[in-house]
Amino acid sequence: MDIFANLAHGFAVALSPINLLMCLIGALVGTLVGVLPGIGTIATVAMLLPITFGLPPVGALIMLAGIYYGAQYGGSTTSILVNIPGEATSVVTAIDGHQMAKQGRAGPALAIAAIGSFFAGCVATVLIAVLGAPLTKLALAFGPAEYFSLMVLGLIFAVVLAKGSVLKAIAMIVFGLLLSMVGSDIETGASRMAFNIPELADGLGFATVAMGVFGFAEIIRNLDAGAEMSRDLVQQKITGLMPTRKDLIDSTPAILRGTVLGSILGILPGGGATIASFGAYTLEKKLAKNPSRFGRGAIEGVAGPESANNAAAQTSFIPLLTLGIPPNAVMALMVGAMTIHGIVPGPQVMQKQPDLVWGMIASMWIGNLMLIIINLPLVGIWVRLLRVPYRLMFPSIVIFCAIGIYSVNNAPVDVILAGVFGLVGYWLIKHDFEPAPLLLGMVLGPLMEENLRRALLISRGDWSVFLTRPLSAVLLAVAAGLLVLTVLPVLRAKRDEVFTESEN
Amino acid sequence: MADTMGHSATATRNTKVALGFCLLALAPQIFELIWSIGTIFGWGAGRGPATVVTNHATALLAGAPSAILGSFGGGAKKASSEVLLALIYSYPLFVVAILTLFMTIRSAQDYVGGVVLMALALFALWASSDLQGMRGFSFGAGTAPRMFGGLLVALSAGIALTGLLTEGAPLAHYAWRGPLFVVAAIVFFALAIRPLGLVVTAFVSFMIAATGSHETRWLEAAIVGACLTFGCAILFPYVLGLPMPMFPRFLIQ
């Protein structure tokens with residue numbers, strides 16, 4: 001079997017001491033980021049990009065991947081113990097998880113969250129290995145027209161799965177596309193919207209914008225509310241991590257459903273971990289015999305979303321590794337990391353860089369194993385971290401971010417630009433615009449423009465090429481259908497329902 | 001709070017919003033003016049403030065209308081960039097500002113958000129107006145920016161319309177302290193990292209950022225800031241091998 005040979009190769013790569021260390025660091029940092037509220041995964045990955053410059057590419061990507069799925073574990077700890085989500089993906093975990101903790105069942109809640117995440121992580125790892133090769137073959141049949149249509153579909157998915165107004169989400173994507181066009185034109189070399197500022201000639205740095213919009217803006221927003229967030233930390237010592245037999249029986253189906261839902265939503269472009277956890281919670285509530293238990297400490301309400309977000313975090317690597325298209329903002333940053341190391345993401349990566357792809361896949365399983373150890377017995381240490389007051393944390397994050405951006409290009413202008421985008425991000429939050437589609441638009445912008453130009457050049461200016469090529473037509477039809485469905489009142493209500501869960 | 005405001009209060013707020021839009025409509029011109037003041041002291045190259053004022057004023061008052069008339073008359077004279085700025089960016093926003101006076105804004109959050117986004121899109125349209133368009137069936141450098149700029153204008157107009165037609169949230173409250181000091185810390189970092197080095201810059205930036213919260217305790221912040229600076233000074237240049245100036249330049253020389 002090809003897959004087994006590939007996986008064995010991957011494990012050989014991932015088990016080398018340096019890569020094991022990278023995996024451990026990634027998992028630790030991810031957990032830390034997940035536990036601490038106020039620093040998101042996106043900002044952290046952006047912040048740590050420059051750190052990976054000196055590392056070999058495989059190690060660097062293993063570490064960055066570890067941060068992403070590690071944060072999914074860590075976020076649940078904060079949600080359960082403190083009732084504020086450490087990550088956007090564990091917002092719904094807080095609803096039932098914290099109730100369980102109040103009833104003195106913090107241990108089982110944490111354990112189920114970790115077991116669910118681990119199971120989901122294992123399934124997702126296998127899924128990546130199985131789906132990787134066939135999808136790559138499919139990708140090789142793609143021409144520029146198909147790529148363009150696929151990206152349109154991805155962006156539409158991002159709109160459908162984003163929170164809030166559809167119009168605003170589309171506007172954010174287009175804004176991102178416009179931002180991506182600052183700098184030199186790829187084909188003619190003409191300087192576009194750069195106003196003769198030499199630092200802009202190379203375009204806006206992706207990490208710079210990400211750090212501004214997600215890092216600085218988040219800090220500024222948190223300061224609004226007053227630095228001291230109410231933290232009703234569950235103070236009593238956590239005893240008895242082992243869930244009871246009944247807990248296990250109750251949560252097994254929820255874990256299975258969460259894993260399936262999360263895996264599907266992760267693969268879809270525009271999806272990702274946040275929507276997966278919201279969706280899983282709604283699903284559990286719908287299927288439950290007695291929905292009134294939810295919100296009062298139902299263990300399914302912890303098991304489902306936690307499995308789903310971890311599964312989604314991992315399966316979102318599939319479109320990146322096979323098609324070279326990032327399905328969400330964190331994956332977009334991974335593209336940045338790959339580019340820095342001279343790897344062009346796309347279908348050829350699987351053949352040309354087997355070490356990288358299979359090593360990363362294998363490391364995910366190892367990382368999940370590490371995480372279960374990091375999170376369960378060591379939970380006391382992470383809880384202690386939560387006592388660090390925000391008034392000391394936020395200036396530290398500002399400095400770390402500033403040093404991080406500066407070291408990408410050794411350019412002070414980048415730091416100022418990130419500050420400007422911090423203000424832009426703050427404004428966006430105040431006007432209820434979602435920044436995630438903006439980032440996705442910015443990453444896909446150059447790819448989209450290039451493929452659009454190429455497709456039209458090949459077809460000699462005939463726009464109908466997008467509809468006459470069957471694959472492209474199907475993709476566009478799906479995109480159009482989705483958009484129509486989202487705007488329909490019935491489905492719109494359903495979509496809003498999924499997202500309002502956290503506000504109860 | 002919004003409920004307690006009477007009709008006259010809404011009216012004054014509309015005027016304020018309209019005035020804000022007028023300011024926004026002139027923002028690039030004002031920005032260039034402030035920038036040009038630097039040339040008096042010999043910082044940077046560019047036009048002096050006097051030229052900037054006269055050029056933009058003529059463009060806004062006389063240049064643009066004549067350009068419109070000229071285009072109707074079939075004149076193919078190329079408009080200057082100031083005139084284009086007035087035509088593409090400022091005039092539409094002035095129109096929006098005037099229209100705002102006669103509207104009932106149901107959701108200020110959406111309305112203002114939409115209009116500001118539209119301003120950004122118009123600005124992008126202006127910025128890409130000097131780029132080459134389609135050449136036959138091949139895209140010029142300016143085709144895609146103009147395409148997406150136009151799309152964004154339409155979308156943001158849609159958002160602004162939602163703000164007029166449906167009930168929604170009012171303008172959110174902006175705090176000034178947090179943004180001011182966090183941005184001040186970032187700007188200080190950017191300006192000081194080359195001449196002053198990492199040690200001084202990181203510590204001072206930390207203290208500036210810490211000022212952003214009114215709960216900061218100074219001694220505590222200074223201790224943590226010192227520890228963090230020490231940690232960064234070891235982590236970044238030595239452990240991670242990223243080249244970075246460490247100490248102030250004048251001390252080393």
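**Chain B and its contact with chain A**

Me: How much of chain B counts as buried?
Reply: Of its 253 residues, 33% count as buried, meaning that 20 or more other C-beta atoms, placed from the backbone, lie within 10 Å of the residue's own. This is a predicted model, where local features need pLDDT of at least 70 and side-chain atom pairs count only at pLDDT 80 or more, while totals for chains, interfaces and linings use all residues. Residues are numbered from 1 along each chain as its sequence is written, and chains are lettered from A and ligands numbered from 1 in the order in which they are written.

Me: How many helices and strands in chain B?
Reply: Chain B has eight helices and zero strands; these are DSSP runs, H or I of at least four residues for helices and E of at least two for strands, numbered from the N terminus.

Me: OK, the contact with chain A. How many residues from each chain?
Reply: Chain B gives 61 residues and chain A gives 53, with contact meaning C-beta atoms, placed from the backbone, within 7 Å.

Me: Which element of chain B gives the most?
Reply: α6(B), with 17 residues on the side that touches chain A.

Me: And by class, what is that side of chain B?
Reply: It divides into 41 nonpolar, 17 polar and three charged residues. Ala, Val, Leu, Ile, Met, Phe, Trp, Tyr, Cys and Pro count as nonpolar, Asp, Glu, Lys and Arg as charged, and the others, Gly among them, as polar.

Me: Switching to chain A: which residues of α5(A) meet α6(A)?
Reply: A:Thr93, A:Gly97, A:Met100 and A:Ala101 meet A:Ala106, A:Ala109 and A:Ala113 in α6(A). That contact has five nonpolar, two polar and no charged residues.

Definitions and conventions: Two residues are in contact if their C-beta atoms, placed from the backbone, lie within 7 Å. A residue is buried if 20 or more other C-beta atoms lie within 10 Å of its own, exposed if 12 or fewer, and partly exposed in between; C-beta atoms are placed from the backbone.
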